[in-house]
Amino acid sequence: MTFQQTLEKLNIFKINAFRRIFQQYLFIIIGVVTILFFVFHSYVLNIKQEKKNILANNYVTLKTEIIKEQNIVDTLTNELFIQQPDLDDLNNFLKLNYTEYFEYKTDRYMNSESSNYFGTLSFIKKIFYSYPNFSDIILYDKKTETLTIFSNKGSDFLTRYEKKLPDKILTTKEITSLVLQKNEDALLSFHKTLNNPTTLDNVADIYYVFDNQPIYDELTKKNVDSAGELFLTEENHPLYHTLNDFQHAKTSLTEVQHENLSSTYQVTSKYNAKKIWRSIIHLYFYFMLIAILIILVSFPVIVHHLRNLEGKIFLISQKMTAIQQGNFSFTAKENEPNRTDEFGLIQNGLDEMANQLKRYIDDVYVSEIKQKNYQMKTLRSQINPHFLYNTLESIRMKAIINGDDSVAEMLYNTSRLYKNMIKGKELISLSEELSFCDSYLRLFELRFEDTLFYDISIEEGLEEAMIEKLSIQPLIENYVVHGIDSTSDNNFIEITCEQKNDDILISIKDNGKGIPKKQLVFIQQQLMNNAIESSDSMGLLNVNYRIKELFGEEYGVEISRNDWGGVTVFLRIPKK
């Protein structure tokens, strides 16, 4: 298969991958919208149920209030029947004029053995005091066609006049219009007939009238958030409802609960679908808005993903082209996305193949070229500036003449180091190398004015062991350049030489700033690969390369963190 055929197949694969990813995103969008719909639908059902519960609670409240008022009426009427003096007093109150009644009341009170007799007026006042929601109590004497009205509101507590009423039990609307002559919709009346228990003669028809305006207002307010409407009717005539259009309500609502209270009043709750719809229509709008936003946001994500995919495929084709042209180092890491998917596996495979090819070529060709380049660098480094040594000596003598001992000592150590570099010997004793390291460290000890300290120790018997010149000094220089903490007054470096089996292990340990973990791993990898490319760790790599070339692959430089917070560099050489 030719390279062009491979690229064509790669393009076909790209198109199929685009189609597959688009379908996946489409299914995800549909799934998210579907889940969102079910969550929304569940929320709407909960709202509907809450509104139905509110309607049911309001219905129970209204019914309970009517029943409570009915019980109050029954209790008061029974009290009149039980208390014979009160019933007789009421009978005389209705049949006598005021003067005659008060004379009767005085005589009755004086002749009564009980001190608890207070008469009709006191009985009515006690009712109004105990039950503030009473509006009026109406007494009608059929024989005399006389109306007696006790009012709990207004300035007229007692009103009496003659008027013939229809021979039937009057409804609340009839009581309001014919008797009270008021235009109030919140009144509710209960009728009771008072008969003398002895003679069974009719004493009076009594109408208890309640003002339910506070109750109605509270129910109307609560019912705004309910699922329907409430109705209180008397013989199919509305007394209270939460709708403005009662005739409309009769035809457009669905009855939920209905109950007859006594023989005249009916309490009803009806489900109002339009009211529910008005209360949740904005939720449907929000759902549609969120669904549209999800779709609108998803398209840029899909486009971004497809472009990312296209970039990965483009990188694969670039790698293939680079390999075909002999460029095995092409990675474009700054443009590469996450390499954990299928395309990443392909890229990793291409990289591994390119690395294997590169290593094979390096082993055969590049290693020879690298060796020649290193030899050229070595030859160049041997061309030392002799005049610089002589110049430093002249300057040192001038500093001695001027009495500047510190500068003179620094110049002495510097010239000693250059003199060591000028020498032609490549292998020197370990003691000589450590002496040069001492001069180097003394130079910087003076430079940093008692903020840098060092210690050099060597195991007895290792002084004459041979080592390549400038093997330890670059390792110390690495600490001086990169590791010293200028804010600290306790910078310390320790050089120890000890025998390990048939080898000599030289350790350079410091308490400096340390090395970041990522950089440390990178340097360790370079040392393991015996790289000598230019980098910030050129001294380490140079020493490592020279030791391995001179003594073998089992020797060289290693580096790691230590418990002082800095790093420890190990140099292993054979004992010869």
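Accessible areas here come from the Shrake-Rupley method with a 1.4 Å probe. By that yardstick, the protein chain of this predicted model exposes about 33200 Å², with carbon and sulfur atoms supplying 55% of it. Residues are numbered from 1 along each chain as its sequence is written, and side-chain values use heavy atoms, leaving out hydrogens and water. As for confidence, local features need pLDDT of at least 70 and side-chain atom pairs count only at pLDDT 80 or more, while totals for chains, interfaces and linings use all residues.

Overall, the chain has 15 helices and 16 strands (DSSP runs numbered from the N terminus: H or I of at least four residues for helices, E of at least two for strands). Of its 576 residues, 40% are buried, meaning under 20% relative accessible area with a 1.4 Å probe.

Turning to one sheet, five strands make up an open, mixed arrangement in the order 11-13-14-16-15; strands count as paired if DSSP finds at least two bridges between them. Strand 11 (452–458) and strand 15 (556–561) sit at the edges, each pairing on one side only. Within the sheet, strand 14 (residues 503–510) runs antiparallel to strand 16 (residues 567–574) over seven bridges, and Lys509 has Thr568 of strand 16 as its bridge partner. Helix 12 (residues 430–447) packs on this sheet and touches strand 11, strand 13 (491–500) and strand 14, contact being heavy atoms within 4.5 Å.

Then there are the stretches that UniProt, in an unreviewed entry, labels "transmembrane region": residues 25–45 and 283–303. Residues 25–45 are 100% helix, with end C-alpha atoms 30 Å apart; residues 283–303 are likewise 100% helix, with ends 31 Å apart.

Notes: Axes are lines fitted to C-alpha atoms, for helices over the stretch in contact, and angles run from 0 to 180 degrees between N-to-C directions. UniProt positions are given in the numbering used here, feature names are shortened, and annotations may be inferred rather than shown by experiment. Buried means under 20% relative accessible area, exposed over 50%, partly exposed in between (1.4 Å probe, protein chains only).
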